[in-house]
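This report introduces a single protein chain to a reader who has not met it before. Please look over the sequence and the structure before reading on.

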Amino acid sequence: MSIIKRKWSEAQKLQIIQEVEMNGLQETLRKYNLSQSLFHKWRRAYNGEGMNGLKPRYKTVDPAVRGLEQENERLKRIIAKQALEIEFKDELLKKSH
């Protein structure tokens, strides 16, 4: 038996919570093939924070932002390397004079 990972939107989660109130827990959970623990997790989050509680908790990073961060790190390494070379050359010049 394989586990299928599904993604639920906030609107779908809210619809299921409301449907449970109208049609009953077991019937609705069977209809959507949901576990009780997942449903209760959603309901606690919704009761605590409203619609914000139903939003995904993981942080998504825009690929463009990630690319800019990598470029920034690369440029910082280049600058650090150049600063080290300049400092080394200054030390050599001081010793030769």
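Among contacts in the protein chain between residues at least 6 apart in sequence, what percentage join residues at least 24 apart? The value is 45%. The model from which this value was computed is a predicted one.

**Overall form**

The protein chain contains 4 helices and 0 strands. Read from the N terminus, its elements follow the order α-α-α-α. The radius of gyration of the protein chain is 28 Å, whereas a compact globule of 97 residues would have a value near 13 Å. Along the principal axes, the C-alpha atoms occupy a box of roughly 90 × 35 × 20 Å.

Of the 97 residues in the protein chain, 16% count as buried. The exposed area of the protein chain is about 8500 Å², and 55% of that area is supplied by carbon and sulfur atoms. The protein chain carries 20 positive and 13 negative charges, and the mean positions of these two sets lie 6 Å apart.

**The nonpolar core**

In soluble globular proteins, nonpolar side chains tend to be buried together. In this model, the largest nonpolar core has 11 residues, namely Trp8, Leu14, Ile16, Ile17, Val20, Leu29, Tyr32, Leu34, Phe39, Trp42 and Leu54. Helix H1 (10–23), H2 and H3 are the elements that give two or more residues to this core. H1 provides the largest share, with 4 residues.

Leucine 14 is one of the core residues. When its neighbours within four places in sequence are left aside, leucine 14 is in contact with Tyr46, Met51 and Leu54. Of these partners, Leu54 is itself listed in the core.

**The loop before helix H3**

Asparagine 33 lies in the loop that joins helix H2 (25–32) to helix H3 (36–49). Its phi angle is near 55°, which is a positive value in a residue other than glycine. Is asparagine 33 buried or exposed? Asparagine 33 counts as exposed because its relative accessibility is 58%, and the cut-off for exposed residues is over 50%.

**Residues of helix H3**

Glutamine 36 is placed in helix H3. With a relative accessibility of 36%, glutamine 36 counts as partly exposed. Beyond its neighbours within four places in sequence, glutamine 36 is in contact with Leu25, Gln26 and Leu29. Among these partners, Leu29 belongs to the largest nonpolar core.

Alanine 45 is also found in helix H3. Why does alanine 45 count as buried? Its relative accessibility is 17%, and therefore alanine 45 falls under the 20% limit for buried residues. Not counting residues up to four places away in sequence, alanine 45 touches Gly50 and Gly53.

Asparagine 47 has its place in helix H3 as well. Asparagine 47 counts as exposed, since its relative accessibility is 59%.

The table below sets out C-alpha separations for these residues of helix H3.

| Residue | Partner | Separation along the chain | C-alpha separation |
|---|---|---|---|
| Glutamine 36 | Glycine 67 | 31 residues | 41 Å |
| Alanine 45 | Leucine 34 | 11 residues | 16 Å |
| Asparagine 47 | Glycine 24 | 23 residues | 18 Å |

Leucine 34, the partner of alanine 45 in the table, is also one of the residues of the largest nonpolar core.

Technical notes. Residues are numbered from 1 along each chain as its sequence is written. This is a predicted model: local features need pLDDT of at least 70, side-chain atom pairs count only at pLDDT 80 or more; totals for chains, interfaces and linings use all residues. Side-chain values use heavy atoms; hydrogens and water are left out. The radius of gyration is taken over C-alpha atoms; the globule rule is 2.2 Å times the number of residues to the power 0.38. Buried means under 20% relative accessible area, exposed over 50%, partly exposed in between (1.4 Å probe, protein chains only). Contact means heavy atoms within 4.5 Å. Accessible areas come from the Shrake-Rupley method with a 1.4 Å probe; for residues, only the protein chains shown count as cover. Lys and Arg count as positive and Asp and Glu as negative; His and the chain ends are not counted. The place of a charge is taken as NZ of Lys, CZ of Arg, CG of Asp or CD of Glu. A nonpolar core is a set of buried Ala, Val, Leu, Ile, Met, Phe, Trp, Tyr and Cys residues joined through side-chain atoms within 4.5 Å.
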